[in-house]
Amino acid sequence: MTLLLTACAPPQALRGDFPKLTPTEVSALKAPPEGQKIRWGGVVLSMDNKAEQSCFEILARPLDSSSRPKQSDRNDGRFLACIPGFRDPKAYEGGREVTVVGTLNGSESRQIGEFPYQYPKVAATEVYLWPKPSPEQTVVGADFLIGYPYYYAYPVYYVRREPAAPTGALSSPAPAAPRREVPMSAPPISLPSPGRLRF
């Protein structure tokens with residue numbers, strides 16, 4: 001149980017109490033709450049290195065219990081996050097998962113195609129880069145079961161393994177052998193001639 005709770009806990013840099021406020025909700029406000037603490041996460045869409053800071057455009061996603069963005073088609077809008085110092089754009093390439101901790105710092109209007117979109121801006125103190133998930137093995141769920149007769153809880157992980165890519169030329173399967181119909185015969189049965197019943 002202790003190991004499980006440790007595994008599900010957020011990294012130290014992401015811990016704390018934060019309001020349940022999404023970028024979509026902040027974007028709809030006429031006056032975003034300046035200085036409000038936030039913890040948002042998602043996938044990097046683009047990155048721009050400026051003279052003294054690195055800025056990210058992020059597609060927000062809901063966070064799981066460890067504060068990592070969930071693998072989901074659902075999104076919570078977009079936001080901009082800037083953090084002092086240099087971040088290598090090769091490490092934070094498009095599609096990488098990040099979790100941002102910081103405070104709201106106004107908003108910025110940008111175009112998404114022909115649609116004007118109001119981006120909440122975050123003055124970040126942490127842009128946590130999550131490791132890439134392994135393509136061969138991905139944990140897709142966990143349950144807690146009760147073990148008889150000791151009644152303790154333990155995790156059971158369900159793992160999805162991706163099939164290995166085929167190598168070499170593909171060959172068509174060998175045709176199945178034709179089915180042979182084997183006649184079944186039985187030896188003739190001779191019945192006794194009927195006789196009289198005696199009592």
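A polar contact is taken here as a pair of N or O atoms within 3.5 Å; within protein, one atom must be able to donate a hydrogen and the other to accept it, and residues adjacent in sequence count only if both atoms are side-chain atoms. By this criterion the side chain of T99 reaches the backbone oxygen of S67 at 2.6 Å. The structure is a predicted model, in which local features need pLDDT of at least 70 and side-chain atom pairs count only at pLDDT 80 or more, while totals for chains, interfaces and linings use all residues. Residues are numbered from 1 along each chain as its sequence is written, and side-chain values use heavy atoms, with hydrogens and water left out.

The chain contains two helices and seven strands; these elements are DSSP runs numbered from the N terminus, helices being H or I runs of at least four residues and strands E runs of at least two. Along the sequence, their order is α-α-β-β-β-β-β-β-β. Of the 199 residues, 25% count as buried, where buried denotes under 20% relative accessible area, exposed over 50%, and partly exposed the range in between, with a 1.4 Å probe and protein chains only. Contacts are defined by heavy atoms within 4.5 Å. Among contacts in the chain with a separation of 6 or more, 58% are accounted for by residues 24 or more positions apart.

The largest nonpolar core comprises 17 residues. Such a core is a set of buried Ala, Val, Leu, Ile, Met, Phe, Trp, Tyr and Cys residues joined through side-chain atoms within 4.5 Å. The residues with the most contacts inside this core are W40, F56, I58, F79, V100, V122 and V127. At least two core residues are supplied by each of β1 (37-49), β2 (53-61), β3 (78-84), β4 (97-112) and β5 (115-129). For V122, the contacts beyond four places in sequence are with I38, W40, F79, L80, A81, C82, V100, G102, T103, L104 and N105.

T99 lies in strand β4 and is buried, with a relative accessible area of 0%. In addition to reaching the backbone oxygen of S67, the side chain of T99 forms a polar contact of 2.8 Å with the side chain of W130. Once neighbours within four places in sequence are set aside, T99 is in contact with L14, R39, W40, G41, L63, S67, R68, P69, E126, V127, Y128 and W130. S67 itself belongs to the loop between β2 and β3 and is likewise buried, at 2% relative accessible area. Its backbone carries a phi near 70 degrees, a positive value in a residue other than glycine. Most residues other than glycine have a negative phi.

Open space was examined on a 1 Å grid over the protein atoms alone, a pocket being an open set of points where a 1.4 Å probe fits, with protein on both sides within 12 Å along at least five of seven lines, and lining residues having an atom within 4 Å of a point. The second largest pocket holds about 370 Å³ of space, the volume being that filled by probe spheres set on points joined across faces, edges and corners. Its lining consists of 19 residues, with P19, K20, L21, R39 and L63 nearest the centre. Two or more lining residues come from each of β1 and β2, and β1 gives the most, with three. The lining divides into nine nonpolar, four polar and six charged residues; Ala, Val, Leu, Ile, Met, Phe, Trp, Tyr, Cys and Pro count as nonpolar, Asp, Glu, Lys and Arg as charged, and the others, Gly among them, as polar.

Two further sites bring together residues that are distant in sequence. S46, in strand β1, is partly exposed at 31% relative accessible area. The side chains of S46 and E57 are joined by a polar contact of 2.9 Å; beyond four places in sequence, S46 is in contact with C55, F56 and E57. The C-alpha atoms of S46 and E93 are 7.4 Å apart, at a sequence separation of 47 residues. G95, in the loop between β3 and β4, is also partly exposed, at 49%. It lies 6.4 Å from L45, C-alpha to C-alpha, with their positions 50 residues apart in sequence, and G95 is in contact with V43 and V44 when neighbours within four places are excluded.
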